[in-house]
Amino acid sequence: MPQLWESADKSIQKKVLEPGAFTRKPTECSTCVITVEKINVVGTSEADLREEYHSAILDGQSEKTVIVGEASSEIDEKVERAICMMNIHERSLVTVAMPPIRSNESLVSSEPVTVKFEITLTHCKRHKPVWQWSAEEKYQVVSRYKGRGTELFNDSRIADAFRKFSKACKLLITLEPIADLGLDKQLECDINNLRLALYNNMAICQLKRKNYHHVVTLCTKVLDKDVDNVKALYRRGVAYGKMGDNEKATTDLKAVLTLESSNHSAKEQFDVYNNRLQESVQRSNDMLRRMFKNVQLTPNL
């Protein structure tokens, strides 16, 4: 009976074809040499794996060097997860399920996408497990992930950027509570600032994807630590406005203008939501006046 592994969400399946030598599995930052063969794609084309799904692993080249954790696309992250379940010299059949292709949040094709391929782990320079990393090591890796996330954001790969920022943030959370670690004050300050930058970066990704409630949550985390953070105030203000809460929107955007009076974007957004707020107040006042007028005109019986 072939050995079978499946991810919890059932989007990745690995069936062992040749077991290889039992070893400790690859970990975050491990350098792995793999061979990928017999790629079979259903629901899209191999070209789309590279162009639409941005796979750097399933690009038609047989041998690849992969550093676990460096994947910049959803499909390559899933391949990495399969690799982390492999032994040296193991050959397996991996099946990856992907959502349909989207362009600007609109479906290009509604057909589900399935990719099957054979993969062999030919070499692994295993990195020590995350729980053995020092705070400085985690800070350096997180900084690198953040930098890559920024590149993806600038390339308009918003979902990929968000996943990269989120991955970096989860790694930093393993340092909590940071005050108990007795770190050098500069390193502790750098880590705290990096966490706030990641929250802000995730917020702008969520704003681009119109997930306004998530924007508010992330920005509030920043503002709980840095009450005058202009980026968080601006993004939360815009999110409140998009959610129809003009009062909270104008409060946040006014705070931005207090801190940066020349912030033209904040001024434009403030004017939009302040006008809507004033119109809403005017409608309420008009309604109240009509109500009182009707009460005064009603005869006493």
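Glutamate 28 sits in the loop that runs between strand S2 (12–18) and strand S3 (31–42), in what is a predicted model. This briefing begins with that residue and its surroundings, and then turns to backbone features elsewhere in the chain.

**Glutamate 28 and its surroundings**
- Glutamate 28 has a relative accessibility of 18% and therefore counts as buried, since the cut-off for that class is under 20%.
- The side chain of glutamate 28 is joined to the side chain of tyrosine 145 by a polar contact of 2.6 Å.
- When neighbours within four places in sequence are left aside, the residues in contact with glutamate 28 are Val68, Gly69, His127, Lys128, Val130, Trp133, Tyr145 and Lys167.

**A cis peptide bond**
- The peptide bond that leads from glutamate 176 to proline 177 is cis, and its omega is near -10°.
- Proline 177 belongs to the loop between helix H4 (158–173) and helix H5 (185–208).

**Positive phi at residues that are not glycine**
- Lysine 38, although it is not a glycine, has a positive phi of about 55°, and this residue lies in strand S3.
- With a relative accessible area of 62%, lysine 38 is exposed, because that class covers values over 50%.
- Histidine 54, likewise not a glycine, has a positive phi of about 55°, and its place is in the loop between helix H1 (46–51) and strand S4 (63–67).
- Histidine 54 has a relative accessible area of 28% and is therefore partly exposed, as this value falls in between the buried and exposed classes.

Note on methods. Residues are numbered from 1 along each chain as its sequence is written. This is a predicted model: local features need pLDDT of at least 70, side-chain atom pairs count only at pLDDT 80 or more; totals for chains, interfaces and linings use all residues. Side-chain values use heavy atoms; hydrogens and water are left out. Helices (H or I, at least four residues) and strands (E, at least two) are DSSP runs, numbered from the N terminus. Buried means under 20% relative accessible area, exposed over 50%, partly exposed in between (1.4 Å probe, protein chains only). A polar contact is a pair of N or O atoms within 3.5 Å; within protein, one must be able to donate a hydrogen and the other to accept it, and residues adjacent in sequence count only if both atoms are side-chain atoms. Contact means heavy atoms within 4.5 Å.
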